[in-house]
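Biologist: I'm new to reading structures, and I'd like to take a close look at just one part of this one. Could you pick out a helix and walk me through it and its surroundings?

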Amino acid sequence: MKKIISITMLLACIFAFSRCSEDAYEDRYADPTKVSDVTLDKLMPGTFLHANNFSMSGYSRYFGYEPQCLSKQSNSLGFTLDDGYYYKWELDGWGEPPYGDLMKGIASYRIMESVYEGMSDADKAASEMFLLATNVHLLAHTLYILDFYGDIPFDEVGKIALTQDVADSHPHYQKAPELYSMLLDKLGEINTRFAQAQRPPTFGAQDFINRGDVEKWRRYTNSLRLRAALRVSAQGDLAAKGQGVIAEILNSPGNYPLVENNDQNIQITRQESGPLNVEGGSGFDWHNLQTASSELIKRMQKAGDGGEYVDGQDDPRLPILFCLATKNGEQPVETAAEEEVKDPLKTGKAVPTVFRGSSASSDYDEYQSMFFTRLNRGYYSRVRMNGFFWRNQKWDHQVISAAEVWFIRAEAYQRGWANGDAKAAFKEAIKQSIRFYFKYHNTRNRTEADNTDTDYLNGAQQRSVINPAEPSDAWIDSFAEDRWTKQIDGSAYAGGELDAILSQKWVNFSYLFSGEQWSDLRRTGYPRMVYKPDHNATSEVLNPANRLRYPSSDRNFNRNFPAEVGSLDNFTSVMFWALSSWHD
């Protein structure tokens, strides 16, 4: 009885943090805040939801920590250069990667483990798959947070309501290598168990990620394990283990199915109501969050940043990502009609014709002038509104894509960690990436023509867009062949084939996966990025971060914090798997 009471208390505490404002929720996924019986099939979707700010492309992510934090480190969106801009998200309270949500998810999973342990052997066998699927998604969230912070609490999280011991409210921090190693081992075990476990009758009805598809859960498990193994394989204490896991997976495809095409992507489909009613990129609200990345433009357009797009030559994903800017920063007009700029200080047409962005290598004073001066608000391209992603109600929130997995394979083959053709994998990665972007561009629920905003940034500039035709397989093959040996401007990759793979992987992630980009940059130093130091010499951090600082809740309330991780609570400590100098 004591255990049942404890579980009920903990459920109330956990779900109090995750209540949604809408009563309506799809019938097939019971609202976890209203469960009356503590069963694994009811607890699984509730635990999934704790990872929403990690796995869903919603407001908290695209107004908060992605553009304000991670995209600044990865150069995937243009910067608002200001005092302390490498850590300004923390100073201004713009949110942080969902560290606290992970702790809630772990606590919820502890309940599931406790319920499972109280079952008969027969019931355990019939219900194990709920535990396996939940663990996979929880470990995906864990890897995401591990990459940013290093040592974190894990094993002792969420035990207080089960043990009634107040000491368990202060979980100890575990070393990052221990947790990465655990994650690699556990995912390997889960893949084996998925192949043997019974599929519960209600599994599909409660699974809003893979809809009860067990084979897809195995692909998720192994692709996640491959991502984790790659993270630790380049250098550090787990390099040999990571390389061994990569070889194990890639050299035995029959035992380790992976995500191979866009139909197999691990994703969460938007629903019509409830906590899964999230449009893609719904947080891109402020103009300074939408600025295009010059680094992306330079790698996708032969003319480079500030140039004109050439159909059939340049990367067809570029105009899907960003809208056009005007050549000299004038306020854009709707069409190429003979219309003069209504500004006494400027004359001439203001038709959007070029792609231009900003980055950490941009001059601070120039950026301040071009972005904040009224006359120049058309100077930068911006994230495309009503395109493939932002405000697209048909967007499926991505967790692991086929393109990423093929890029991982390409790197593993190129480094000799597994048997395979690196170039072929690289070309398949680019093909899957281009097909992915066009899939959502071609099926979006509204277009720029639906936007009647008279503001020239959200109006004229967003409606003056290029809609490229989806390229053929033959064109993509030729494009990928060229990218294997040279960048789009014709120059050679400084780091050879490895640079080619990682540069194109970085392009593929664009502004959708800034965290993965940042981790790849820190792990390999490719593609090489130039970051200007903070212009204010008194700023706490003058250069991009090597890690993130812990949330204030840990600093203030976990009594184990000072002794165990207090010395790591900075932006400069280097992760054991990362390079100390990964940028210029």
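Modeller: Let's get one word straight before we start: a residue is called buried when its relative accessible area is under 20%, and exposed when that area is over 50%. Take cysteine 323: its relative accessibility is 1%, so it counts as buried. Keep in mind that this is a predicted model.

Now the big picture. The protein chain has 23 helices and four strands. Of its 584 residues, 61% are buried. The chain exposes about 21300 Å², and carbon and sulfur atoms supply 49% of that. If you take the contacts with a separation of 6 or more, 77% of them join residues 24 or more positions apart.

The part I'd zoom in on is helix α21, which runs over residues 514-524. It is mostly covered, with 11 of its 11 residues buried. Charged-looking names turn up on that list too: Glu516, Asp520, Arg522 and Arg523 are among the buried residues, along with others including Trp518 and Leu521. What do the buried residues of α21 pack against? Their partners are α4 (59-74), α7 (121-149), α11 (214-233), α16 (402-415) and α20 (496-509).

Let's follow the chain out of the helix. Glycine 525 comes after α21, and its phi is positive, near 80 degrees. Then there's a peptide bond to look at: the one from tyrosine 526 to proline 527 is cis, with omega near -10 degrees. Most peptide bonds are trans, and most residues other than glycine have a negative phi. Proline 527 sits in the loop between α21 and α22.

Next, two of the packing partners. α7 is mostly covered as well, with 24 of its 29 residues buried. This helix bends by about 50 degrees at serine 127. After α7 comes glycine 150, with a positive phi near 85 degrees.

The other partner is α4, which spans residues 59-74. Cysteine 69 has a relative accessible area of 0%, so it is buried. Even so, the structure holds zero disulfides. In the loop between α4 and α5 (88-91) you'll find asparagine 75. Its phi is near 65 degrees, a positive value in a residue other than glycine. Asparagine 75 counts as buried because its relative accessibility is 0%.

Asparagine 386 makes a nice companion to that one. It lies in the loop between α15 (364-372) and β4 (396-400), and it has a positive phi of about 60 degrees although it is not a glycine. With 4% relative accessibility, asparagine 386 counts as buried.

One last stop, further along the chain. Where does asparagine 560 lie? You'll find it in the loop between α22 (552-557) and α23 (561-565). Asparagine 560 has a relative accessible area of 13%, which means it falls under the 20% cut-off and is buried. Leaving out residues up to four places away in sequence, asparagine 560 touches His170, Pro171, His172, Tyr173 and Val565. With histidine 170 there is a polar link: the side chain of asparagine 560 reaches the backbone oxygen of that histidine at 2.6 Å.

Terms used: Residues are numbered from 1 along each chain as its sequence is written. This is a predicted model: local features need pLDDT of at least 70, side-chain atom pairs count only at pLDDT 80 or more; totals for chains, interfaces and linings use all residues. Side-chain values use heavy atoms; hydrogens and water are left out. Buried means under 20% relative accessible area, exposed over 50%, partly exposed in between (1.4 Å probe, protein chains only). Helices (H or I, at least four residues) and strands (E, at least two) are DSSP runs, numbered from the N terminus. Contact means heavy atoms within 4.5 Å. A polar contact is a pair of N or O atoms within 3.5 Å; within protein, one must be able to donate a hydrogen and the other to accept it, and residues adjacent in sequence count only if both atoms are side-chain atoms. A disulfide is a pair of cysteine sulfur atoms within 2.5 Å. Accessible areas come from the Shrake-Rupley method with a 1.4 Å probe; for residues, only the protein chains shown count as cover. The bend at a residue is the angle between axes fitted to the seven residues ending there and the seven starting there.
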